Amino acid sequence: MQNEQNKQRIIQELVPGKQITLAHIIANPDEILYKKLGLDPAVEYSKSAIGILTLSPAETAIIAGDISIKSSGVTLGFVDRFSGTVIVTGTFSEVDAALKAVTEYAEETLGFTVCKITKT
């Protein structure tokens, strides 16, 4: 009984802000990663990078997808306006340019808090 009185209950809530919480580039991904992401490796495997963005509010993913394809030669692999996830594929320089364009627009024009672009 004593232990039960000392337990703390933690409640977590998602409070959407204006932010990009993940901007990551995977260089030279293995073919299996394309398959697991639902991307066609026959088309995408010739490309050399995958870019991943997570944005809040989630609808911003639509804007990020638009900026990505207009700013470089990336292919839009996935956009989820409910979770705020965007996946793009292309050469490393195309994906890098797309993520830079999205993060700069979000920070400078939309007033978002933006994480740095990471790479593996």
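**Notebook: nonpolar patch and cores**

I began at the surface, where H4 and strand S3 (75-80) each supply at least two residues of the nonpolar patch; helices (H or I, at least four residues) and strands (E, at least two) are DSSP runs, numbered from the N terminus. I noted that this is a predicted model, in which local features need pLDDT of at least 70 and side-chain atom pairs count only at pLDDT 80 or more, while totals for chains, interfaces and linings use all residues. Residues are numbered from 1 along each chain as its sequence is written, and side-chain values use heavy atoms, with hydrogens and water left out.

I then looked up Val 79, which lies in strand S3, and found it partly exposed, with a relative accessible area of 33% (buried means under 20%, exposed over 50%, partly exposed in between, with a 1.4 Å probe and protein chains only).

Turning inward, I found that the largest nonpolar core has 18 residues, with Ile 20, Leu 53 and Leu 55 among those with the most contacts inside it; such a core is a set of buried Ala, Val, Leu, Ile, Met, Phe, Trp, Tyr and Cys residues joined through side-chain atoms within 4.5 Å. The elements that give two or more residues to this core include strand S1 (19-27) and helix H5 (92-108), and H5 contributes the largest share, 5 residues.

I followed Leu 55 further: leaving aside neighbours within four places in sequence, Leu 55 is in contact (heavy atoms within 4.5 Å) with residues including Gln 19, Ala 64, Val 86 and Val 102. I also recorded a second, separate core of 5 residues, which includes Tyr 34 and Leu 39.
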